[in-house]
Amino acid sequence: MKKWDYVLIGSLTLISVIWIIIILGSQSSGEKVVVKVNDKVIYTALLSEDSEYLIKTGNDYNNLVIKDGEAYIDDANCKGLDCVRMGHISNGGESIICIPHSVIVTIESDKDNNIDFVSE
Amino acid sequence: MYKKTAFLGLFACLALIFSYVEAIVPLPIPVPGVKLGLANVLIVICLYTYGVKEAVAINFVRIILLTVLFANPYSFLYSLAGAVISMALMYPLYKSKGFSIIGVSVAGAVGHNTAQILTAMAVTGIVKLIDYLPVLIISGIITGLIIGIIGKIILPQLKKIDLERVKS
Ligand SMILES: [Zn+2]
């Protein structure tokens, strides 16, 4: 390895680690579950109330479940089912993303809109 | 000349197999379309043995074959973006002589992953995907290190089988 290899690898690692710490640090307690399709809000719900919602656009669907203060997708018809594998989210700033369906489910907190502003 | 064609065909084939294996093994990171880019080991070796034109050519052949096999236009977009950005970063580093094959392949792998996240953001309009970038940069560093070390081991072996004569 040459000197510049170390500079490159070292700086990339440092930037990534700081970035991850900032992302984790900006997570707060969340209250609202927001569903967006193609960057448009189509549904919001309270994290504290158990509910179910079928996110449907054309033939695409993702079934959103809110239970015991956690949100997750238990069923979908996308390729790979990555959104189902993403599991449960409960902290403000966390999200579940379904790329084939352009769906994002995010936990937001009503109080700190500034954090929300940064992440959008 | 014939020998070179045969070697390039072999490289493209191996790169395709690597991509195929990747496509059927899901990553723990739930970002569809994003792959580790292990095929880059063949591209890096080709860059060091034959040159940039040949490396770009076998990568393009790999992507075309992959798209035909999987019939997925999105995978074409992701792979193409990854290949272009990765080579755009690797080539100047390779030319500069300030970096070893390890630094070059790390830059390639990180560029590959970054390009794929940016493509996913453009396709879906989900800006929040950027949050995955630091994780993908770290996974790119690890993939790049592994690829660079493999390349470092394989290159002298290729020279042993008289690649200089193969080149002409
Ligand atoms: Zn999905």
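## Exercises on a two-chain model

A:D82 is buried, with a relative accessible area of 9%; buried means under 20% relative accessible area, exposed over 50%, and partly exposed in between (1.4 Å probe, protein chains only). The model is predicted: local features need pLDDT of at least 70, side-chain atom pairs count only at pLDDT 80 or more, and totals for chains, interfaces and linings use all residues. Residues are numbered from 1 along each chain as its sequence is written, chains are lettered from A and ligands numbered from 1 in the order in which they are written, and side-chain values use heavy atoms, with hydrogens and water left out.

### Exercise 1. Salt bridges

Task: State how many salt bridges the rule counts over all chains, and describe the one that A:D82 forms and the one that B:E54 forms.

Solution.

Step 1. The criterion is a side-chain nitrogen of Lys or Arg within 4 Å of a carboxyl oxygen of Asp or Glu. It yields 4 salt bridges over all chains.

Step 2. The partner of A:D82 is A:R85, with the closest N and O atoms 2.6 Å apart. Both residues belong to helix α2 (residues 82–85) of chain A and are separated by 3 residues, about one turn of the helix. Helices (H or I, at least four residues) and strands (E, at least two) are DSSP runs, numbered from the N terminus. A:R85 is partly exposed, at 41% relative accessibility.

Step 3. In chain B, B:E54 is joined to B:K4, and the closest N and O atoms are 2.7 Å apart. This pair links distant parts of the chain, since B:E54 is in helix α3 (residues 52–70) and B:K4 in helix α1 (residues 2–24), 50 residues apart. B:E54 is buried at 14% relative accessible area, and B:K4 is buried at 18%.

Step 4. A further salt bridge connects B:K128 with B:D131, whose closest N and O atoms are 3.0 Å apart. B:K128 is buried at 11%, while B:D131 is partly exposed at 25%.

### Exercise 2. Strand β2 of chain A

Task: Decide whether strand β2 (residues 32–37) of chain A is largely enclosed or not, and identify the strands that pair with it.

Solution.

Step 1. Of the 6 residues of β2(A), 5 are buried, so the strand is largely enclosed by the rest of the structure.

Step 2. Two strands pair if DSSP finds at least two bridges between them. β2(A) is joined by 6 bridges to strand β3 (residues 40–46) in the antiparallel sense, with A:K32 standing opposite A:L46.

Step 3. Strand β9 (residues 103–108) also pairs with β2(A), antiparallel and over 6 bridges. Here A:V34 stands opposite A:T106.

Step 4. β2(A) and β3(A) make a hairpin with 2 residues between them, and A:N38 in the turn has a positive phi of about 50 degrees. A:D39, in the loop between β2 and β3, has a positive phi of about 70 degrees although it is not a glycine. A:D39 is partly exposed at 45% relative accessibility.

### Exercise 3. Two further hairpins

Task: Trace the pairing from β4(A) to β5(A) and from β5(A) to β6(A), and name a residue with positive phi in each hairpin.

Solution.

Step 1. Strand β4 (residues 51–57) and strand β5 (residues 60–67) of chain A run antiparallel and are joined by 7 bridges. A:I55 has A:N62 as its bridge partner. The hairpin has 2 residues between the strands, and A:G58 takes a positive phi near 60 degrees.

Step 2. β5(A) then pairs with strand β6 (residues 70–76), antiparallel over 6 bridges. The bridge partner of A:N63 is A:D75. This hairpin has 2 residues between its strands, and A:D68 in the turn has a positive phi of about 50 degrees.

### Exercise 4. The interface

Task: Characterise the interface of chain B and chain A by its contacts, buried area and residue classes.

Solution.

Step 1. With contact meaning heavy atoms within 4.5 Å, 35 residues of chain B touch 29 residues of chain A.

Step 2. The two chains bury about 2,700 Å² between them, 72% of it on carbon and sulfur atoms. Buried area is the accessible area (1.4 Å probe) that two parts lose on being put together, summed over both.

Step 3. The rule finds 0 salt bridges across this interface. α4 (73–96), α5 (101–124) and α6 (133–160) of chain B each supply at least two residues of the side that touches chain A.

Step 4. That side of chain B has 25 nonpolar, 6 polar and 4 charged residues. Ala, Val, Leu, Ile, Met, Phe, Trp, Tyr, Cys and Pro count as nonpolar, Asp, Glu, Lys and Arg as charged, and the others, Gly among them, as polar.
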